[in-house]
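Hi everyone, thanks for coming. Let me put today's structure up on the screen, and then I'll talk you through it.

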Amino acid sequence: METITNVGMGFATALTWANITYCFIGVLVGTLIGVLPGLGPTATISLLLPVTYYLNPISAIIMLSGVYYGAMYGGSTTAILVNIPGETASIVTCLDGYQMARQGRAGAALGIAAFGSFIAGTLSVVGLMLVAPPLAEFGLRFGPPEFFALIFMAFSLLICLASGDMLKAVMITVVGVWVGTIGVDFISGDTRFSYGSLTLSDGVGIVPVAMGLFGVAEVLENIDKQEQQAKILKTRLKGLLPNRQDWKESWLPILRGSAIGFFMGTIPGGGGVMTTFTSYALEKKISKHPERFGKGAIEGVAGPESANNASVAAHYVPLLTFGIPTTVVMAIILGGLMIHGISPSPTFIKENPQLFWGLIASMYMGNVMLLVLNLPLIGLWVRVLAIPYRILFPLILLFCIIGVYCLNYNIWEVVIMVIFGFVGYLMRRFEYEPAPFVFALLLGPMIENALRQSLIISEGSFGIFFTRPISGVLMIVGIMFFIIPALPGFKRKKFDVAD
Amino acid sequence: MTKYDRISTLFLVGLAIAVSLESIRIGPGSLSNPGPGLIPLGCGLVLGILSLIGFFRTFVRPSSEVLRKNAVKLGGSTIAALVSMLVFAFLIDTLGFLIVTFLWMGFVCRWIGRLGWKATIFTSVVTPFCIWLLFVYFLEIRFPRGILSF
């Protein structure tokens with residue numbers, strides 16, 4: 001009963017003209033960005049952050065979330081029609097989606113991707129609604145040792161699941177934690193590593209770093225490739241509504257994809273590519289005709305696209321209950337919430353019911369908007385693909401500069417962004433993943449406070465992390481994630497498209 | 001490309017030493033009364049050990065194929081884009097948003113994006129104006145006026 005009352009309050013919040021408009025802008029921009037290869041949701045949300053500074057927190061998070069799930073929707077269009085994923089999670093959609101398009105079934109592929117995303121997105125929001133409040137209640141039992149153990153486990157999972165070299169992922173995480181300590185120490189009041197700079201004494205902000213590492217670095221990476229223009233498959237987009245046979249083959253993959261997406265979305269580092277590949281691998285494994293996969297099997301589109309969208313709402317579970325982001329996009333959204341003075345924690349849902357339930361209601365609304373938007377506008381999205389990158393990239397860079405400058409009207413933050421843009425460019429070249437760095441930067445101060453408070457409570461004993469039941473379990477799980485990949489005979493499985 | 005892995009790990013060793021020394025200066029305190037330098041010192045020590053492992057690993061394990069392919073070549077466009085953004089930042093207060101954006105867009109479109117003159121002029125004029133409308137008029141965000149009075 002309480003849930004129904006809360007959902008009603010959420011809809012009352014979301015269904016104001018202002019929030020409907022921001023939700024619409026979010027999903028529209030998100031879909032547009034998802035369609036465009038080379039500009040992912042991370043960069044886009046970073047770019048749109050300044051627009052939200054002057055909105056109220058509810059409208060801001062509704063719009064940013066709309067961008068995120070809109071981008072997840074839009075990514076499938078380019079994957080199916082151009083064989084280029086609009087964002088990384090859609091890589092797997094290329095395999096069968098593009099083959100379907102070549103066989104003249106682009107409409108069915110796009111249609112099932114849209115319907116699958118809608119169904120999965122909606123189911124996932126129901127999951128978020130049911131799981132988050134009791135989890136937050138459980139989180140009220142957490143003290144500093146439990147928070148330290150939880151963040152430690154999140155770090156170890158992220159590092160364990162990092163796609164590249166594990167040693168490099170650990171090193172870059174440690175650097176991120178160190179960068180997070182720059183500025184005033186909130187316990188002693190001393191400044192650290194700022195060397196008299198007022199900008200640095202406030203700490204290195206998440207926005208300049210994220211914009212540099214993802215926005216600027218992505219442009220620098222693509223400048224050299226700007227002559228490459230996507231070749232759009234010339235096919236008639238007919239029959240966007242899947243037929244009875246399509247539905248028969250797709251409904252179970254959609255449900256399985258939704259479950260996989262929701263479960264993996266709650267795990268740090270478990271969203272995106274990993275979710276879609278898991279769904280694809282499962283569908284292929286249990287199919288009676290696995291030989292059809294890679295040659296235009298509709299299940300190969302329905303499952304991964306559903307999993308992809310289900311993971312979006314699931315990412316909010318750890319963010320809104322414990323304040324722990326599981327993806328870089330969530331880290332940036334957390335940064336955006338912090339700008340508005342909101343720090344998610346186990347008390348977040350109780351203290352901000354309007355924001356939480358308003359967000360949930362907006363997700364239902366946004367999923368309907370996306371379905372309505374995506375199907376009739378597919379022709380328009382295809383034309384967007386023809387925009388040359390050399391026109392797009394100056395605008396992206398300009399939005400990065402303006403976004404960071406408007407944060408505090410401080411040119412030194414733009415300098416920080418440019419430095420991190422260059423660092424991000426080098427990191428890609430040297431194969432260091434930027435995502436663990438951003439997580440560490442954001443979670444570093446939290447883990448530092450939790451560790452120091454725990455050590456003060458225990459008078460310097462690390463045993464406190466293992467003698468309390470919740471933190472003990474979390475620490476052991478975290479340590480196992482470090483140990484398992486190092487065990488002899490354990491091979492880190494890399495997803496291979498050819499398989 | 002083992003050479004590049006060696007360079008990056010040696011850089012991290014240097015960073016680890018610098019961070020550790022500075023953390024000791026700040027004051028790590030004790031375990032029962034941790035000071036502001038404790039976590040940075042821990043980061044420095046862990047980073048130092050890991051980057052040394054990474055450095056010595058390059059002698060026994062070759063780097064991956066991707067790294068071989070992505071040799072670090074800093075293109076002129078990359079440097080020009082980075083420097084132009086810094087120049088933009090340092091001139092925005094003096095020249096004002098509209099002028100500096102016009103000049104910056106012109107430079108980036110023409111010399112980095114290699115757009116034709118007509119497209120460059122069109123983009124450089126329309127973009128600052130549209131952004132000014134969006135941010136100043138609709139979002140009521142202040143931009144530096146510089147030598148212009150609006």
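I'll go from chain A to the core, then to the contact between the chains, and end with two odd residues.

A bit of housekeeping. Residues are numbered from 1 along each chain as its sequence is written, and chains are lettered from A and ligands numbered from 1 in the order in which they are written. This is a predicted model, where local features need pLDDT of at least 70, side-chain atom pairs count only at pLDDT 80 or more, and totals for chains, interfaces and linings use all residues.

Okay, chain A. It has 21 helices and two strands; those are DSSP runs, H or I of at least four residues for helices, E of at least two for strands, numbered from the N terminus. Of its 499 residues, 61% are buried. Buried means 20 or more other C-beta atoms within 10 Å of the residue's own, exposed means 12 or fewer, and partly exposed is in between, with C-beta atoms placed from the backbone.

Now the core. A nonpolar core is a set of buried Ala, Val, Leu, Ile, Met, Phe, Trp, Tyr and Cys residues joined through C-beta atoms within 7 Å. The largest one here has 199 residues, and A:I151 is one of those touching the most other members. Helix α6 of chain A, residues 106-139, contributes the most, with 17 residues. Chain B joins in too: domain 1 (2-69) and domain 2 (76-138) each supply at least three residues. Those domain bounds come from an automatic or database assignment, and the two domain centres, taken over C-alpha atoms, are 39 Å apart.

So how do the chains meet? The contact takes 46 residues from chain A and 52 residues from chain B, with contact meaning C-beta atoms, placed from the backbone, within 7 Å. On chain A's side, the largest share is eleven residues from α17(A). That side has 32 nonpolar, four polar and ten charged residues. For the classes, Ala, Val, Leu, Ile, Met, Phe, Trp, Tyr, Cys and Pro count as nonpolar, Asp, Glu, Lys and Arg as charged, and the others, Gly among them, as polar.

Last, the odd ones. A:E431 isn't a glycine, yet has a positive phi of about 65°. It sits in the loop between α18 and α19 of chain A, and counts as partly exposed because it has 19 C-beta neighbours inside 10 Å. A:E459, also not a glycine, has a positive phi near 55°. A:E459 counts as exposed, with 11 C-beta neighbours inside 10 Å.

Terms used
Contact = placed C-beta atoms within 7 Å.
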